[in-house]
Amino acid sequence: MTARPLWKTALGVVFTALMLFPVYWMVNVSLTPTGDLRRSDPNWFPSDPTFEGYTAALSQQLPSLGTSLGVGLGCVALTVAIAAPAGYALAVLNLRGGRALNFLLLVAQMIPAVVMAMGFYAIYVRLDLLNTVWGLIVADSTIAVPFGVLLYTTFMAGIPRDLVHAARIDGAGAWRTFTKVVLPVSRNSTLTVALFAFLWAWSDFIFASTLSRSGEYVPITLGIYQYIGNNTTQWNAIMATAVIASLPAAILLVVAQRYVAAGVTAGAVKD
Amino acid sequence: MTTTSVEATGRASGGAAGVSPAAPGRNGRRGLPGTARHWTAIGFAAPLLAYLAVFYAYPLWRNIELSVHDYTVRAFVQGDPAFAGFEKYAEVFASDAFPAALVNTAVFTLVSIAFQYAIGLALAVFFHANFRLSGVLRALFLVPWLLPLIVSSSTWAWMLNSDNGIVNSVIEAFGGSQINWLTSPDTALTAVIIANIWLGVPFNLVILHAGLQQIPDELYEAASLDGATARQRFWRITFPLLRPVSAITLLLGFIYTLKVVDVIWIMTTGGPGDASLTLAVWSYREAFGTGQPDFSPAAAIGNLLIVIALVFGFVHLRMQRDWEKS
């Protein structure tokens, strides 16, 4: 065992504190009384914390939080429903033209969201799908589906063939093999895909601000944006909304850190 | 449409591609006869193929169509735009905003990824040492990456606020003078780059850290026995062996940064004037940012972005293929 010097830990804490300072600042401002917000030397600590920002945020933004939750969950369901069978086809059933399909998916991830947004807008205008939850779910899922397929394919390609063969010998068809063997084994991949599909849909700003700008179903990201436009004096309420909007990310990081790291490195690092 | 093109390209590249997946393929085919198996595979991939056709190919096609017509708001609803050919592209290239947006895009992307990579690599090497709490601290570094962009962008906007921002408050405490970060044409681009660097460091850190884990410890032990200093170990072992991971990280960073709209739009809306306007933000501004949506030039700029992204995408694929071979 080599000695693990404490100064490195201390330095690490300093780096992390610097990195997370904006996050701390967001929380600090959210607790600052409205009267102190315009002071030229801001309070470094919430010495006189107030929850007026949170009360304002919750009273006005609760419906948006509900919309975002619905859109996020819908996006998870759609993404997994499309990506899991496709991964099975590519990795286990050796779909002909699979490499070309993989290539298309990589290319799909490079298309700027603003371009997709314009295409969707042009289509939704005609179909009257603007400002609908379904329209937003579909648009948001385009961020996650290519990622999901690539992640499933990589994982399922590593499932021992004997496992699949054993199911076949027992008389299971392709569908049963998929639902009874391959899907349960791929549980971690499903969690990673679901986690990112949810986070990306929850965080999306571009599709929300183009396809769901008005109407009753406004997601939380757009709620914050309109908040900034409407009342620039109440930054404590804006930051309080921002804190609330960050909660899913914080919870997922605590509960599912392993899957987060798996998703970030997927595709970029060869295991 | 998509299905046939997939099939065609699949067959064309089949000769070269057939080498690596051959082994599992032959084993896998034992269960079912070839054609039945083929159709089963297509059945499982069908939702994805339909999805790609309807929700990727069709929006992209609409986008190309937008760019070669003259879409006014009225024509948009009624669907009878005049054909314009490459007129809209010519307008974009001739526009005053074009050189500004091109330079801003280059500066924004290159400066952002250079700093993200350098800071990410330094932190990855630092955290690689596995000291007490290193795992927890490294996980905390992911926070900026996971936050919704609207959250981090508006926090940065408030921190950089001219009169009430914490950044100016600190600068003034040290005797500096107030900087109008977001409202002065001289600093707006710098301000959004700073925020964007902060956003990108976690991604670089995680990937480069994972890359470091793959370098065998014995190499470092051997180098230590030979009396190599920490600096020598970094430049002679870490850096060269990390090259493939670095290349992928930089390239993905480039492609992601090229697309960035949210951060800039929320902080400065590309302004003041065109001071922090990038191609992606410009496209967004033309289509959705003003009261007067102008979809045709916006689509033209968007298609230009796709072309740039594709060029680098092909470089990425080449690199990955070379890497898999090695």
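Ala, Val, Leu, Ile, Met, Phe, Trp, Tyr, Cys and Pro count as nonpolar, Asp, Glu, Lys and Arg as charged, and the others, Gly among them, as polar. The model is predicted: local features need pLDDT of at least 70, side-chain atom pairs count only at pLDDT 80 or more, and totals for chains, interfaces and linings use all residues. Residues are numbered from 1 along each chain as its sequence is written, chains are lettered from A in the order in which they are written, and side-chain values use heavy atoms, without hydrogens and water.

**Exercise 1.** Break down the lining of the second largest pocket by class.

*Solution.*
1. Lining residues have an atom within 4 Å of a point of the pocket.
2. There are 20 of them, and B:Val125, B:His128, B:Ala129, B:Tyr220 and B:Arg233 lie closest to the centre.
3. The classes are ten nonpolar, five polar and five charged residues.

**Exercise 2.** Classify the ring pair B:Phe203 and B:Tyr256.

*Solution.*
1. Rings of Phe, Tyr and Trp (its six-membered ring) pair if their centres lie within 6.5 Å; planes under 30 degrees apart are stacked, over 60 edge-to-face, the rest tilted.
2. Here the centres are 5.7 Å apart and the planes stand at 75°, so the pair is edge-to-face.
3. B:Phe203 sits in helix H11 of chain B and B:Tyr256 in helix H14 (residues 243-259) of chain B, 53 residues apart.

**Exercise 3.** Decide whether B:Phe203 and B:Tyr256 are buried or partly exposed.

*Solution.*
1. Buried means under 20% relative accessible area, exposed over 50%, partly exposed in between (1.4 Å probe, protein chains only).
2. B:Phe203 has 8%, so this residue is buried.
3. B:Tyr256 has 41%, so this residue is partly exposed.

How values were computed:
1 Å grid on protein atoms, 1.4 Å probe; cavity = no way out; pocket = protein on both sides within 12 Å on 5 of 7 lines; lining within 4 Å. Helix = DSSP H or I, 4+ residues; strand = E, 2+ residues; numbered from the N terminus.
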